[in-house]
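Here is a short report for a first look at this structure. Keep the view open while you read.

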Amino acid sequence: MELKDDSELLRALHDEHAHALWSYVVGLTNGDRSRAQDVVQETLLRAWREPGVLDETEGSRRGWLFTVAKRIVIDQWRSASRRPEVLTDHVPEQVMDDLAQRIVDRQLVLAALQTLSIEHRQALFECYFRDASVAEAAENLGVPPGTVKSRTHYALHALREAIDGIGGVA
């Protein structure tokens with residue numbers, strides 16, 4: 001039987017070497033069978049990406065597979081040693097919403113809104129508070145969509161300056 005495409009060559013490579021490779025990698029991973037299976041899959045994927053490995057005429061495919069698998073395990077070990085997993089039985093402290101700060105921020109934004117022109121406030125109200133699209137806001141305000149975009153842009157810019165001028169938002 002002549003093998004024609006990469007998928008057939010890879011299947012033959014798997015059938016011929018996967019069990020021995022898996023057994024070898026189980027030993028390298030201290031008996032972690034699941035991790036060993038992942039390493040074998042990664043090794044075969046790399047073999048598929050490396051055209052010379054699937055070609056039976058070039059060197060020892062088994063030696064190449066075992067070397068690549070060993071290097072994958074070493075790379076995983078190195079990576080894990082740099083970023084050790086920390087296990088704890090304590091749930092991290094949950095951030096509580098600061099109601100007082102929200103009230104102060106709300107008052108600050110309301111004061112800043114009062115500094116805007118009525119046209120800018122209307123554009124912001126339509127687009128942000130009513131969540132209207134530009135077309136809907138334009139229809140509600142009786143102006144072209146381009147005007148809504150322009151007013152919204154300049155209103156946000158002026159609002160940011162007003163908030164910064166008042167003291168900013170925490």
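## Ground rules

A residue is called exposed when its relative accessible area is over 50%, and buried when that area is under 20%. Anything in between is partly exposed. The model is a predicted one.

## Helix 8

Start with the face of helix 8 turned away from its buried side. Lys-149 and Gly-165 are exposed there. The buried residues of this helix are Val-148, Thr-152, Ala-155, Leu-159, Ala-162 and Ile-163. Viewed down the helix axis, the buried residues fall within an arc of 100°, so they line one face. A general rule helps here. An α-helix has 3.6 residues a turn, so residues three or four places apart point the same way.

What covers the buried residues of helix 8? The cover includes helix 5 (99-114), helix 6 (118-129) and helix 7 (134-141). The length of helix 8 can be checked too. It runs over residues 145-166, which is 22 residues. At 1.5 Å a residue, the expected span is 32 Å. The end C-alpha atoms are 31 Å apart, which agrees. After helix 8 comes Gly-167, with a positive phi near 145°.

## Two nonpolar cores

In soluble globular proteins, nonpolar side chains tend to be buried together. In this model, the largest nonpolar core has 17 residues. Leu-13, Leu-21, Val-25, Val-39, Val-40 and Leu-65 have the most contacts inside this core. At least two of its residues come from each of helix 1 (6-28), helix 2 (33-49) and helix 4 (61-82). Which helix gives the most to this core? Helix 4 does, with six residues.

Val-25 shows the packing in detail. Leaving out residues up to four places away in sequence, Val-25 touches Ala-36, Val-39, Val-40, Ala-69 and Val-73. Another core lies apart from the largest one. This other core has nine residues, among them Ala-112, Leu-116, Leu-124 and Ala-155. Ala-155 is also one of the buried residues of helix 8.

## An aromatic pair

The whole structure holds two aromatic pairs. One joins Tyr-24 and Phe-66, with ring centres 4.8 Å apart. Stacked or tilted? Planes under 30 degrees apart would count as stacked, and those over 60 as edge-to-face. These two planes stand at 35°, so the pair is tilted.

The pair links distant parts of the chain. Tyr-24 sits in helix 1 and Phe-66 in helix 4, 42 residues apart. Tyr-24 is partly exposed, at 28% relative accessibility.

## Salt bridges

How many salt bridges does the structure hold? There are four. One of them joins Arg-46 to Glu-42, with the closest N and O atoms 2.9 Å apart. Both residues lie in helix 2, four residues apart, or about one turn. Arg-46 has a relative accessible area of 33% and is partly exposed. Glu-42 is partly exposed as well, at 26%.

Back in helix 8, Asp-164 bridges to Arg-160, with the closest N and O atoms 2.8 Å apart. About one helical turn separates them, as they are four residues apart. Asp-164 is partly exposed, at 45%, and Arg-160 is partly exposed, at 44%. A further bridge joins Glu-126 to Arg-130, where the closest N and O atoms are 2.5 Å apart. Is Glu-126 buried or exposed? Glu-126 is buried, with a relative accessible area of 8%. Its partner Arg-130 is partly exposed, at 45% relative accessibility.

Notes:
Residues are numbered from 1 along each chain as its sequence is written. This is a predicted model: local features need pLDDT of at least 70, side-chain atom pairs count only at pLDDT 80 or more; totals for chains, interfaces and linings use all residues. Side-chain values use heavy atoms; hydrogens and water are left out. The expected span of a helix is 1.5 Å times one less than its number of residues. Buried means under 20% relative accessible area, exposed over 50%, partly exposed in between (1.4 Å probe, protein chains only). The arc is that of the directions from the helix axis to the C-beta atoms. Contact means heavy atoms within 4.5 Å. A nonpolar core is a set of buried Ala, Val, Leu, Ile, Met, Phe, Trp, Tyr and Cys residues joined through side-chain atoms within 4.5 Å. Rings of Phe, Tyr and Trp (its six-membered ring) pair if their centres lie within 6.5 Å; planes under 30 degrees apart count as stacked, over 60 as edge-to-face and the rest as tilted. A salt bridge is a side-chain nitrogen of Lys or Arg within 4 Å of a carboxyl oxygen of Asp or Glu.
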